[in-house]
Amino acid sequence: MKQFLNIISFFVLFMFFGNRANGQQAVASNGFVLKESLFDFGKIPQGKPVFHVFEIKNIGKSNLQLTDVQASCGCTTPVWQRELVQPGGTTQIKVGYNAADAGYFEKSITVFYGQGETMLITIKGDVWRTPDQPAPPNKSIGLLKKLKFNQE
């Protein structure tokens, strides 16, 4: 009976959150809801770290403990609260990505909770290469300044 209720709960939550605008969807697992399991940063500039916050809500009847959160590589950094999440409470996992290399990326973050259970969240995006040198100086800026002062 309990397994049947878990299946019904998952179905109701899936229907409630449904597919989100950029392909994200809610994921329910053993008493909590992860509002999205995937985040797409889209196009980001090289050399600029980016961050996204994943929110978790405890919909169970007992406390939820995130025991560990591990990224698939050193360029991705998860930060999370280690306190117990009370029933009805929420917690967050802030994931940072160091956009040092240009090109497409997709990184996974493993969330460990309960008694050795895991859930996977993913970030992805496309890092565009920043120019190697600054833009050339604008030689017409002096002309524009003269025109502005002459009009006053």
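Is E55 buried, partly exposed or exposed? In this predicted model, E55 is partly exposed, because its relative accessible area is 28% and the partly exposed class runs between 20% and 50%. That residue turns up again below, in one of the salt bridges, but the overall layout is worth a look beforehand.

The protein chain has two helices and nine strands. Going along the sequence, the order is α-β-β-β-β-β-β-β-β-β-α, with a helix at either end of the run of strands. The chain has 152 residues, and 30% of them count as buried. Its accessible surface adds up to about 10200 Å², with carbon and sulfur atoms taking 56% of that. As for contacts with a sequence separation of 6 or more, 55% of them are between residues 24 or more positions apart.

Now for the inside. In soluble globular proteins, nonpolar side chains tend to be buried together. Here the largest nonpolar core is made up of 25 residues, and I44, F54, I93, Y97 and I123 have the most contacts inside it. Two or more residues apiece come from strand 2 (32-34), strand 3, strand 4, strand 5 (66-71), strand 7 (90-97), strand 8 (103-113) and strand 9 (117-128). Y97 gives a good idea of how these pieces meet: beyond its neighbours within four places in sequence, Y97 is in contact with I44 and I123, and also with P49, V50, C75, T76, F105, K107 and V127.

W80 sits in strand 6 (residues 76-80). With a relative accessible area of 11%, W80 falls under the 20% limit and so counts as buried. Once neighbours within four places are set aside, W80 is in contact with L66, T67, D68 and V69 on the one hand, and with Q92 and I93 on the other. W80 and T91 are 11 residues apart in sequence, while their C-alpha atoms are 7.9 Å apart in space.

Two salt bridges are found in the structure. One of them joins the side chains of K35 and E55, with an N to O distance of 3.3 Å. This pair ties together distant parts of the chain, since K35 is in the loop between strand 2 and strand 3 and E55 is in strand 4, 20 residues away. K35 is also partly exposed, at 29% relative accessibility, and E55 comes in at 28%. A salt bridge also pairs D126 with K43, at 3.2 Å from N to O. Here too distant parts of the chain are linked: D126 belongs to strand 9 and K43 to strand 3, with their positions 83 residues apart. D126 is partly exposed at 27% relative accessible area, whereas K43 is exposed at 64%.

Q46 lies in the loop between strand 3 (38-45) and strand 4 (50-58). A polar atom of the Q46 side chain is 2.8 Å from the backbone oxygen of A100. Leaving out residues up to four places away in sequence, Q46 touches A99, A100, D101 and A102, as well as V127, W128, R129 and T130.

Finally, some nonpolar side chains are found on the outside. I141, L143, L144 and L147 form a nonpolar surface patch, and together they have about 370 Å² of accessible area. L143 is part of helix 2 (residues 141-151). Its relative accessibility is 52%, which is over the 50% limit, so L143 counts as exposed.

Note on methods: Residues are numbered from 1 along each chain as its sequence is written. This is a predicted model: local features need pLDDT of at least 70, side-chain atom pairs count only at pLDDT 80 or more; totals for chains, interfaces and linings use all residues. Side-chain values use heavy atoms; hydrogens and water are left out. Helices (H or I, at least four residues) and strands (E, at least two) are DSSP runs, numbered from the N terminus. A polar contact is a pair of N or O atoms within 3.5 Å; within protein, one must be able to donate a hydrogen and the other to accept it, and residues adjacent in sequence count only if both atoms are side-chain atoms. Contact means heavy atoms within 4.5 Å. A nonpolar core is a set of buried Ala, Val, Leu, Ile, Met, Phe, Trp, Tyr and Cys residues joined through side-chain atoms within 4.5 Å. Buried means under 20% relative accessible area, exposed over 50%, partly exposed in between (1.4 Å probe, protein chains only). Patches are made of residues with over 30% relative accessible area and no salt bridge: like charges are joined within 9 Å, nonpolar side chains (Val, Leu, Ile, Met, Phe, Trp, Tyr) within 5 Å. Accessible areas come from the Shrake-Rupley method with a 1.4 Å probe; for residues, only the protein chains shown count as cover. A salt bridge is a side-chain nitrogen of Lys or Arg within 4 Å of a carboxyl oxygen of Asp or Glu.
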